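Q: Please take a close look at one part of this model and describe it in a connected account. I am interested in one interface between domains and in the annotated positions that can be discussed alongside it.

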Amino acid sequence: MSATQSAYLEQEGVYQFHMEYPVPAYLVALVAGDLVPADIGPRSRVWAEPCLLSTATSKLSGVVEQWLSAAERLYGPYMWGRYDIVFLPPSFPIVAMENPCLTFIISSILESDEFLIIDVIHEVAHSWFGNAVTNATWEEMWLSEGLATYAQRRITTETYGAAFTCLETAFRLDALHRQMKLLGEDNPVSKLQVKLEPGVNPSNLMNLFTYEKGYCFVYYLSQLCGDPQHFDSFLRAYVEKYKFTSVVAQDLLDSFLSFFPELKEQSVDSKAGLEFERWLNATGPPLAEPDLSQGSSLTSPVEALFRLWTAEPLDHAAASASSIDITKWRTFQTVLFLDRLLDGSPLPQEVVMKLSKCYSSLLDSMNAEIRIRWLQIVVRNDYYPDLYKVRRFLESQMSRMYTIPLYEDLCTGTLKSFALEVFYQTQGRLHPNLRKTIQQILSQGLAPSPAATDPTGLSVAPDAPALLLEDKPPEATNGAISLRDVNVSA
């Protein structure tokens, strides 16, 4: 449970827990299953199914204590006693959840070391921002997510260096701008203070603006101080003042101006074009973004390789590109490169053929965060020779964060029949909520059209749609947000 275990009465089979501090109801959670523990630090253990325990232990042993200690140096003592982690099946509907004492996290993230690091550190940061000080309303989720993302990046900078943090930030801000293009700059959910009016689905607030636009605002506040360590001092005081309570944005901003009276005298809250009110209530992208030049040693090779693949003549560019060994890259470098190619899709067929020859087999051995991006390139470019890999991936991956983007892409293009066939074969292994979401995607993509013709001979039985979509019709989406290309944790 997201609390401290105080007793286990074996005869009765009863576990007893207690929570010393007041917490909001959304942070109370229970988990039951065939779970076994293993210590990974002086105040941390992992809980996992037996088949996962050794992997989880080997990836996290020792490092969680490093992250907790770094966070304590920045923001004050960790107040929840234990910091345990439970790994749940791939059908868990979100990547991770920051419940006090026990972080819930999806087991499929174990495949990617760097995404695992970032997701766990993000949940560690929530111990101060979200769990100790909570947003009073879902209309201001950025108070938890923006601050936690900022704290996460301060922790990674202290632990792994500024270049790594800038690389991860560049990857996420790219995703933010991708989502902005999908939604349009005047979409109300791009505000930091979104109004939960009738017809607005609260789950639509779980988007990258909450995280990344919120982060950009917090980063902007830190820059006003002139020194991130001064801002760390403010955040420590903010947590101490408001811990175990719920706050609104004005509480944070009033505290900020009180802590830095010289900034209040300068009326930084009313600076033209960067007014605090505008940060909170204007739609569109962040009013200012961080300087990521410290990450150039990691991002420049990515940009250079992408330019090669979009240069002329292609044969010369492909030969030069093939000499670059991406197996030595960090995961975030590879996904940033593939995201650039996704943004440019559909690509000329000759480019896709040469990309496949250069990278397809190589990427097969890499983690799911990398493989899914290559498979999205395959789908968006109707590259049939690699389509069997899409099938194989969807037959083995039951996680929402990997299945939804592929089904969305399949149903946007000419491969709806292929999507129906794969779903028909795998739906029994999907979480019911995920199954309904995919049914909705398939239903929206079922306008009458000839079956996709492809050299692999993949097809679907004519009566498959009736078999697949026999549940009651899905509710209208009311403009629901597509989170494709985005890995969001709580």
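**The interface of domain 1 and domain 3**

A: Between domain 1 and domain 3, 4 residue pairs are in polar contact, both residues of each pair being at pLDDT 80 or more. On the side of domain 1 that touches domain 3, the largest share, 3 residues, comes from α3. The model under discussion is a predicted one, and the account below should be read accordingly.

The domain assignment divides the chain into domain 1 (1-127), domain 2 (133-291) and domain 3 (296-443). The contact between domain 1 and domain 3 draws on 12 residues from domain 1 and 16 residues from domain 3. Taken over C-alpha atoms, the centres of these two domains are separated by 31 Å.

The extent of the interface may be considered next. In general, the size of an interface is often expressed as the accessible area that is lost when the parts come together. For domain 1 and domain 3, the buried area is about 1,200 Å², and carbon and sulfur atoms give 63% of this area. Of the area that domain 1 buries against domain 3, 48% is supplied by Glu 111, Glu 114 and Phe 115, more than any other three residues.

Charged pairs also appear in this region. The rule finds 2 salt bridges across the interface of domain 1 and domain 3. Glu 114 forms a salt bridge with Arg 330, and the closest N and O atoms of that pair are 3.8 Å apart.

The annotated positions may now be added to the picture. In an unreviewed entry, UniProt lists Glu 123 and Tyr 211 under "active site". These two positions are spread over 89 residues of sequence, yet they cluster in space, with a largest C-alpha distance of 12.9 Å.

Glu 123 is located in helix α3, which comprises residues 113-126. The relative accessible area of Glu 123 is 1%, under the 20% limit, and the residue is therefore classed as buried. The side chain of Glu 123 reaches the backbone nitrogen of Glu 98, at a distance of 3.4 Å.

Tyr 211, the other listed position, lies in helix α6, which spans residues 208-225. Its relative accessibility is 5%, so Tyr 211 likewise counts as buried.

In summary, helix α3 holds the annotated Glu 123, and α3 also gives the largest share of the side of domain 1 that touches domain 3.

How values were computed. Residues are numbered from 1 along each chain as its sequence is written. This is a predicted model: local features need pLDDT of at least 70, side-chain atom pairs count only at pLDDT 80 or more; totals for chains, interfaces and linings use all residues. Side-chain values use heavy atoms; hydrogens and water are left out. UniProt positions are given in the numbering used here, feature names are shortened, and annotations may be inferred rather than shown by experiment. Helices (H or I, at least four residues) and strands (E, at least two) are DSSP runs, numbered from the N terminus. Buried means under 20% relative accessible area, exposed over 50%, partly exposed in between (1.4 Å probe, protein chains only). A polar contact is a pair of N or O atoms within 3.5 Å; within protein, one must be able to donate a hydrogen and the other to accept it, and residues adjacent in sequence count only if both atoms are side-chain atoms. Domain bounds come from an automatic or database domain assignment. Contact means heavy atoms within 4.5 Å. Buried area is the accessible area (1.4 Å probe) that two parts lose on being put together, summed over both. A salt bridge is a side-chain nitrogen of Lys or Arg within 4 Å of a carboxyl oxygen of Asp or Glu.
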